[in-house]
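I opened the notebook to go through one protein model and its ligand. The entries below follow the order in which I looked things up.

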Amino acid sequence: METILLLANSEPDGSLAKSALEALGAAKTLGAGLPGSKMVVGLVGQTAQTAADSVATCGAAAFLSVVGADFAPSRYATDAAAAEALTGAAQATVILAPATSRWNRVLPGVAQRLGGRADTHVTGLSASNGKLSVSRWYYRQRMEAVVQRTQRPWVILVDPGSQPAWQGERGTATLQAVPVNVPETCKRTTVVGVREPAADAQTIRPDATLLLVAGAGWTKKQADGQPHVKDAEKLIHDCLKLARASLGSSKSLVDLGGEGQAVLSFLTHLNQIGQTGSTPRHPKGLATCCHGEEPHAVGWRFINERRAINLDPNCGWARGKADVLYVADAFAVLARVNQLLADNAGALG
Ligand SMILES: Cc1cc2nc3c(=O)[nH]c(=O)nc-3n(C[C@H](O)[C@H](O)[C@H](O)COP(=O)(O)OP(=O)(O)OC[C@H]3O[C@@H](n4cnc5c(N)ncnc54)[C@H](O)[C@@H]3O)c2cc1C
């Protein structure tokens, strides 16, 4: 009989992030497939009542918390101590947490302390005949494995965006505080601030419906023998704004910046998609001026519908990597798309 602990942190405003609700949804689904199991919610942060109330009706057998100023920041020593204490208090055999940077770096170490095992970047979970299985990808999303373990506790970090978020009514949760002793040696690391781009400079939007990917072609000489990087920048920027899209890039385009060549001013290596870049999740993706080479296209694993615009009918996308390839000039297509999006936005008021 499994006891599933849903482990999450409350945000600075007291709420639960979407990734935490997704892990909760996965915990609920697992619990339903494991007869006799129970689920416990364990929360860490400055406060936990608002977060617990937001999921009060999820059917948890108990709501546990480790709270206080010591547990507000993301810090290995205190997060590990909190996770260890919550696992013990819940007597958890399976621990589910969102695979955020905060929990990814802490929970494998906690599993080691507890004599358990951890699996990171889990994208699928199922339970049948009382047996729990998880799936995850290996070798930069090229191979998928299904994993079962007998060792307990089993820590499972659920990749954000891979599961539907739990939805339900708010309520009033009865929180039980779990005491954790924090020696001074656990507080040597302090968070002195957060650096992030200004809101209007933010081009990475994990929740966007569309991923717009820019390739090196945007900086290449065009039909008139000249590059048109400033025009490219405006077209892409307008499209991101009008479609509320997230921006991805090929490695070649990002690397051009390091070589001192003109590139899009709002692009960084964080935008890079692919084998040595990221594997974002979006319902739709549109590649523009990008060849669709294998190391790049491997980053499109979790894009449901893939389209590309390329002048070359023989480009990599034409070889089965895109659902639709528009053989066309991306400058012309994006100008027209932006016009239609602007007209539509105007019509909607
Ligand atoms: C080990 C390794 C790891 C790698 N990892 C990654 C990775 O993580 N991510 C990644 O992206 N790459 C990666 N690469 C590089 C990858 O193989 C490609 O070289 C790169 O993605 C190509 O980028 P690109 O398509 O932007 O540029 P290019 O290959 O230069 O293609 C530009 C395209 O733009 C088109 N074009 C030009 N003008 C227009 C226009 N007006 N309208 C429409 N189309 C136009 C051209 O037809 C051309 O197809 C890796 C390579 C290796 C060896």
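**Ligand contacts.** Before listing contacts I fixed the term: a polar contact is a pair of N or O atoms within 3.5 Å. I also noted that the model is predicted.

I started with the side chain of N310. One of its N or O atoms lies 2.7 Å from an oxygen atom of the ligand. Next I checked D329. Here a side-chain N or O atom is 2.9 Å from a nitrogen atom of the ligand. A330 uses its backbone instead: an N or O atom there sits 2.9 Å from a ligand nitrogen atom. I then asked how much of the ligand's accessible area the protein covers. On its own the ligand has 980 Å², and the protein covers 77% of that.

Which elements give two or more residues to the shell around the ligand? I found α7 (251-258), α8, β13 and α9 (330-348). The shell holds 28 residues, and the closest are A216, S250, K251, T276 and H291. I sorted the shell by type: ten residues are nonpolar, 13 are polar and five are charged.

**Near D329 in space.** I looked at A223, which is in the loop between β10 (210-214) and α6 (229-243). A223 has a relative accessible area of 89%, over the 50% cut-off, so I logged it as exposed. Its C-alpha lies 9.7 Å from that of D329, although the two residues are 106 apart along the chain.

**Whole chain.** I noted nine helices and 14 strands. The C-alpha atoms fill a box of roughly 70 × 45 × 45 Å along the principal axes. The chain has 349 residues, and buried ones make up 47% of them.

**Aromatic pairs.** I took ring centres within 6.5 Å as the rule for a pair. The count by this rule is three aromatic pairs. I wrote down the one formed by W137 and F302: the centres are 5.7 Å apart and the planes make 80 degrees, so the pair is edge-to-face, as that class starts over 60 degrees. W137 belongs to strand β6 (residues 131-138), while F302 is in the loop between α8 (294-297) and β13 (303-310). The pair thus links distant parts of the chain, 165 residues apart. Are W137 and F302 buried or exposed? I found both buried.

**Charges over rings.** I checked two arginines. R136 lies over the face of Y138, 4.5 Å from the ring centre. R142 places its charged end over the ring of Y139, at 4.8 Å from the centre.

**S246.** I placed this residue in strand β11 (residues 246-249). Its relative accessibility is 3%, so it counts as buried. A polar atom of the S246 side chain lies 2.7 Å from the backbone nitrogen of R205.

**Q163.** I found Q163 in the loop between β8 (154-158) and β9 (175-177). Is Q163 buried or exposed? It is buried, at a relative accessible area of 16%. I then followed its side chain. The Q163 side chain reaches the backbone oxygen of T123 at 2.9 Å. It also makes a polar contact of 3.4 Å with the side chain of S162.

**Backbone geometry.** I looked for a cis peptide bond and noted one between R152 and P153, with omega about 0 degrees. P153 is in the loop between β7 (143-147) and β8.

I then turned to positive phi outside glycine. Q91 has phi near 50 degrees. Q91 is in the loop between α3 and β4, and it is exposed, with a relative accessible area of 64%. C289 also has a positive phi, about 50 degrees, and is not a glycine. The C289 site is the loop between β12 (282-288) and α8. With a relative accessible area of 15%, C289 is buried.

**A92.** I ended in the loop between α3 (76-90) and β4 (94-98), where A92 lies. A92 is buried, at a relative accessible area of 10%. How many Å separate A92 and G260, C-alpha to C-alpha? I noted 53 Å in space, with their positions 168 residues apart in sequence.

Note on methods. Residues are numbered from 1 along each chain as its sequence is written. Side-chain values use heavy atoms; hydrogens and water are left out. Rings of Phe, Tyr and Trp (its six-membered ring) pair if their centres lie within 6.5 Å; planes under 30 degrees apart count as stacked, over 60 as edge-to-face and the rest as tilted. Helices (H or I, at least four residues) and strands (E, at least two) are DSSP runs, numbered from the N terminus. Buried means under 20% relative accessible area, exposed over 50%, partly exposed in between (1.4 Å probe, protein chains only). A charge sits over a ring if NZ of Lys or CZ of Arg is within 6 Å of the ring centre and within 35 degrees of the ring normal. A residue is near a molecule or strand if one of its heavy atoms lies within 4 Å of it. A polar contact is a pair of N or O atoms within 3.5 Å; within protein, one must be able to donate a hydrogen and the other to accept it, and residues adjacent in sequence count only if both atoms are side-chain atoms. Accessible areas come from the Shrake-Rupley method with a 1.4 Å probe; for residues, only the protein chains shown count as cover. Ala, Val, Leu, Ile, Met, Phe, Trp, Tyr, Cys and Pro count as nonpolar, Asp, Glu, Lys and Arg as charged, and the others, Gly among them, as polar.
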